[in-house]
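Colleague: I am new to this one and would like to understand how the labels on it are earned. Could you show me the model and then take my questions?

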Amino acid sequence: LIASFMVFVDGTIVNVTLAQLATHLNASRAELEWSLNAYTLSFAALMLGAGAIADTLGAKRAFLTGLLVFTLSSAVCAAAASMLMLNVARLVQGAGSALLLPSALVLATASATDEHTRHRLVSWWAAAGGAGMAAGPLLGGGLVALANWRAVFAVNVVIGVPAAIWAWRTMPAVSRGSRRLDVAGMDTATAFIGGLVFAFIEALVRGRLDPAILGAA
């Protein structure tokens, strides 16, 4: 539930930091847009492959890796001295989220003994994500008002470090899947989804007939 909430809250919590980012880091409009879109792009592009990784390598290992990547990249975002540094860290943060979310669902349902319990756990997992998406602007506004834009990212570190320790010590290992990891298929899916999302994001800025947009599409 914590993982689901964190992943979706970071999709909306950054919206309220844009005015301060423009002032503190001299961000252009395009850079501000990418502080939001970089996370969405890598998250969407890598989600399908991340599910296969979690199934092949084991959900607990994938969960801990995703949580550490998400937490460390959040720390880099909080310490960013430029918009380039922030946006690159946001790309990495989205990758951590993509690995974190499907493995969290597997771990959440691993202890279910019947279908009713499994459905209830999935419902709670989905509700936590929905609550995170809705709560993002409210939580972000509070953190920006109490401190500044860096607090929006630093709070992930405060939650992520103890969550990782707790998960490593207490979560049961879930047996790995028997299939081999289809690296070629995973890379193709990532390139396809990533290219499509990039084309949609940048088409209005660059123009639909721009070579980068046509190439991505």
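Modeller: Here are your questions, each with the reasoning behind the label. Please keep in mind that this is a predicted model.

Colleague: Let's start with single residues. Why is Ala45 called buried?

Modeller: Ala45 has 7% relative accessibility, and buried means under 20%, so Ala45 counts as buried. Ala45 lies in helix α3. Setting aside residues up to four places away in sequence, Ala45 touches Ala189, Thr190, Ile193 and Gly194.

Colleague: And Ala52, what makes that one buried?

Modeller: The test is again the cut-off of under 20%. Ala52 comes out at 18% relative accessibility, so Ala52 counts as buried. Helix α3 is where Ala52 sits.

Colleague: Is Leu18 buried, exposed or partly exposed, and how do you know?

Modeller: Leu18 has 23% relative accessibility. Exposed requires over 50% and buried under 20%, with partly exposed in between, so at 23% Leu18 is partly exposed. Leu18 belongs to helix α2 and, apart from neighbours within four places in sequence, is in contact with Leu32, Ser35 and Leu36. Leu18 and Leu36 are 18 residues apart along the chain, with 9.4 Å between their C-alpha atoms.

Colleague: What makes Asn26 exposed?

Modeller: Its relative accessible area is 65%. The label exposed needs over 50%, so Asn26 is exposed. You will find Asn26 in the loop between α2 (18-24) and α3.

Colleague: Why is the phi of Asn26 worth pointing out?

Modeller: Most residues other than glycine have a negative phi. Asn26 is not a glycine, yet has a positive phi of about 50°.

Colleague: Now the helices. How do you know that α4 and α7 are roughly antiparallel?

Modeller: α4 and α7 pack at an angle of about 155°, and their axes are 8 Å apart. Angles over 145 degrees count as roughly antiparallel, so α4 is roughly antiparallel to α7. Their crossing is left-handed. Among the residues that meet are Phe63, Leu67 and Ala78 in α4 and Trp149, Ala167 and Trp168 in α7. By class, this contact has 18 nonpolar, four polar and two charged residues.

Colleague: At what angle do α5 and α6 pack?

Modeller: α5 and helix α6 (residues 115-146) pack at about 145°, with their axes 9 Å apart. The crossing of α5 past α6 is right-handed. Leu101, Ala104, Leu105, Ala108 and Thr109 of α5 make the contact with Arg118, Leu121, Val122 and Trp125 of α6.

Colleague: How do the residues of the contact of α5 with α6 divide by class?

Modeller: They divide into seven nonpolar, one polar and one charged. Thr109 is the polar one and Arg118 the charged one, because Arg is classed as charged and Thr falls among the others.

Colleague: One last topic, the nonpolar core. Which residues of the largest one touch the most other members?

Modeller: Val7, Phe63, Leu67 and Leu100 do, in a core of 23 residues. Helices α1 (2-9), α3 (29-57), α4 (59-79), α5 (83-110) and α7 (149-170) each supply at least two residues of this core. There is also a second, separate core of 17 residues, including Leu25, Ala78, Ala80 and Trp149.

Colleague: And what does Phe63 touch?

Modeller: Not counting residues up to four places away in sequence, Phe63 touches Ala3, Leu100, Ser103, Ala104, Leu107, Ala167 and Met171.

Methods
Residues numbered from 1 in each chain as written. Predicted model: local features only at pLDDT ≥ 70, side-chain atom pairs only at ≥ 80, totals over all residues. Heavy atoms only, no water. Core = buried A, V, L, I, M, F, W, Y, C linked by side-chain atoms within 4.5 Å. Buried < 20%, exposed > 50% of the residue type's maximum accessible area, 1.4 Å probe, protein only. Helix = DSSP H or I, 4+ residues; strand = E, 2+ residues; numbered from the N terminus. Contact = heavy atoms within 4.5 Å. Axes fitted to C-alpha atoms, helices over the stretch in contact; angles between N-to-C directions. Left-handed = near helix turned anticlockwise from the far one by under 90°. Parallel < 35°, antiparallel > 145°, perpendicular 65-115°, else oblique.
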